[in-house]
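Reader: I have this chain open in front of me and would like a close look at one part of it, the nonpolar core. Please start there, then work outward to the cysteines and the rest of the chain.

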Amino acid sequence: IGKIMESTGGPYLNTAAVTSPVGIARLLQMTFGCTTFSLVAHQGGFSAAYGTFCMFVWTFCFAITVFIIACEFTHLHGCLSLSWGNFTAAFAMLATLMSITAAVIYPLYFVQVGCYPIGCQVRDFRIAASVFAGLLFVAYATEVFLTRAKPGQVTSYMATISGLLKIVQAFVACIIFGALVNDSQYGKYVATQWCVAVYSFCFVVTVVVVAFSVTGKTALLWFPFERSVVIYTFGAVLLYVSAAVIWPVFCFDSKYGSPQRPGLCAKGKCPWDSQLVIAIFTYVNLLLYVLDLAYSQRIRF
């Protein structure tokens, strides 16, 4: 490590890590994240799986952001076996998606207009936490905007539109999996099981692509990484087309399922609701893979 640090030359501390536009955005992320989970932990409060998820998002993003700032400020990222540009671009996109999800969920389940029964002080803390959660999302989205690949620029794969879309595709797949395990009755037909196989296969391969990019191990592969990613994306489009046709038919056609939501279906425990969420996000991911395929024809990384 000492030899690596000495060979870099120049000052030991990289002030641009906190004074550049990206560095300032990261300092704001750290500030807003710390403020948000501190307000919730001190007085706002949280409960159930939704609240726990929000707290995880804010603490996780805060920890990784501090790690990134510390590594860039001290040049320690040169000692890590990571493709640093790919890592920071992938995390910024992931943090953007996670933070906007928490910024929607927390006020939806924990913020109320009146003071009863939680008290005015708790209500005010929850409103303040929601505001800072929204600002946290803006700070991460700003970093994604600042670090994205510009037209004609040779850059890290994860900073390109195609690379950023890979993070979104994996995130959407996680939403689909969450709905699948929430009593979606996907095991009722072989056709719907095929759809689950499609979601799982595409998710795993997408994560593998991201992992190879972030770790900088693409050069060790015995096949051309860039061309393989494009071929996989084309295959994913075909697979998602099949799922986009099959899932609605076997869930909402009167022969196999129900075109309308059953009247006696309990809120939060209705298979029809989960099936609808899966159908919607299947089309969302199909669109993302189509856009990915279109952009992958234009990039160089």
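**The core and its surroundings**

Author: Start at Trp58. Leaving out residues up to four places away in sequence, Trp58 touches Thr36, Phe37, Val40, Ala102, Tyr106, Ala133 and Leu136. This is a predicted model. Keep that in mind throughout.

Trp58 belongs to the largest nonpolar core, a set of 74 residues. Five members touch the most other members: Trp58, Tyr199, Cys202, Tyr240 and Trp247. Many helices feed this core. Those giving two or more residues are α3 (21-44), α4, α5 (84-110), α6 (120-147), α7 (161-180), α8 (190-215), α9 (225-252) and α10 (271-296). The top contributor is α5, with 15 residues.

Look at α5 on its own. Of its 27 residues, 19 are buried, so the helix is mostly covered. Its length also checks out. At 1.5 Å a residue, α5 should span 39 Å. The C-alpha atoms at its ends are 37 Å apart, which agrees.

Next, α4. This helix covers residues 48-74. Two of its residues make a useful pair to examine: Glu72 and Ala63. Glu72 has a relative accessible area of 15%. The cut-off for buried is under 20%, so Glu72 counts as buried. What does the side chain of Glu72 meet there? A polar contact of 2.9 Å joins it to the side chain of Arg26. Setting aside neighbours within four places in sequence, Glu72 is in contact with Asn14, Ala17, Arg26, His77, Trp84 and Thr88. Arg26 therefore appears both in the contact list of Glu72 and as its polar partner.

Ala63 reads otherwise. Its relative accessible area is 42%, which makes Ala63 partly exposed. Ala63 and Ile105 are 42 residues apart in sequence. In space, their C-alpha atoms are 21 Å apart.

Now the cysteines. A disulfide is a covalent bond between the sulfur atoms of two cysteines. The model has 2 disulfides. Number the bonded cysteines in sequence order and the pairing is 1-2, 3-4.

One disulfide joins Cys115 and Cys120. Their sulfur atoms are 1.9 Å apart. The link is right-handed, with 100° about the S-S bond. Cys115 is partly exposed, at 22% relative accessible area. Cys120 is partly exposed too, at 38%.

The other disulfide joins Cys265 and Cys270. Here the sulfur atoms are also 1.9 Å apart. The angle about the S-S bond is 95°, and this link is right-handed as well. Cys265 and Cys270 are both buried.

What about Cys79? The closest cysteine sulfur to that of Cys79 is in Cys71, 8.7 Å away. A disulfide needs sulfur atoms within 2.5 Å, so this gap is too far for a bond. Cys79 is partly exposed, with a relative accessible area of 26%. Cys195 is in no disulfide either. For Cys195 the nearest cysteine sulfur is that of Cys251, 7.6 Å away. Cys195 has a relative accessible area of 0%, so it is buried.

Finally, step back to the chain. How many helices and strands does it have? The count is 10 helices and 0 strands. From the N terminus on, the elements run α-α-α-α-α-α-α-α-α-α. In an α-helix there are 3.6 residues a turn, so residues three or four places apart point the same way.

The C-alpha atoms fill a box of roughly 70 × 60 × 30 Å, taken along the principal axes. The chain has 301 residues, and buried residues make up 40% of them. Take the contacts between residues at least 6 apart in sequence. Of these, 77% join residues at least 24 apart. The surface comes last. The chain exposes about 15,400 Å². Carbon and sulfur atoms supply 71% of that area.

Notes. Residues are numbered from 1 along each chain as its sequence is written. This is a predicted model: local features need pLDDT of at least 70, side-chain atom pairs count only at pLDDT 80 or more; totals for chains, interfaces and linings use all residues. Side-chain values use heavy atoms; hydrogens and water are left out. Buried means under 20% relative accessible area, exposed over 50%, partly exposed in between (1.4 Å probe, protein chains only). Helices (H or I, at least four residues) and strands (E, at least two) are DSSP runs, numbered from the N terminus. A polar contact is a pair of N or O atoms within 3.5 Å; within protein, one must be able to donate a hydrogen and the other to accept it, and residues adjacent in sequence count only if both atoms are side-chain atoms. Contact means heavy atoms within 4.5 Å. A nonpolar core is a set of buried Ala, Val, Leu, Ile, Met, Phe, Trp, Tyr and Cys residues joined through side-chain atoms within 4.5 Å. The expected span of a helix is 1.5 Å times one less than its number of residues. Accessible areas come from the Shrake-Rupley method with a 1.4 Å probe; for residues, only the protein chains shown count as cover.
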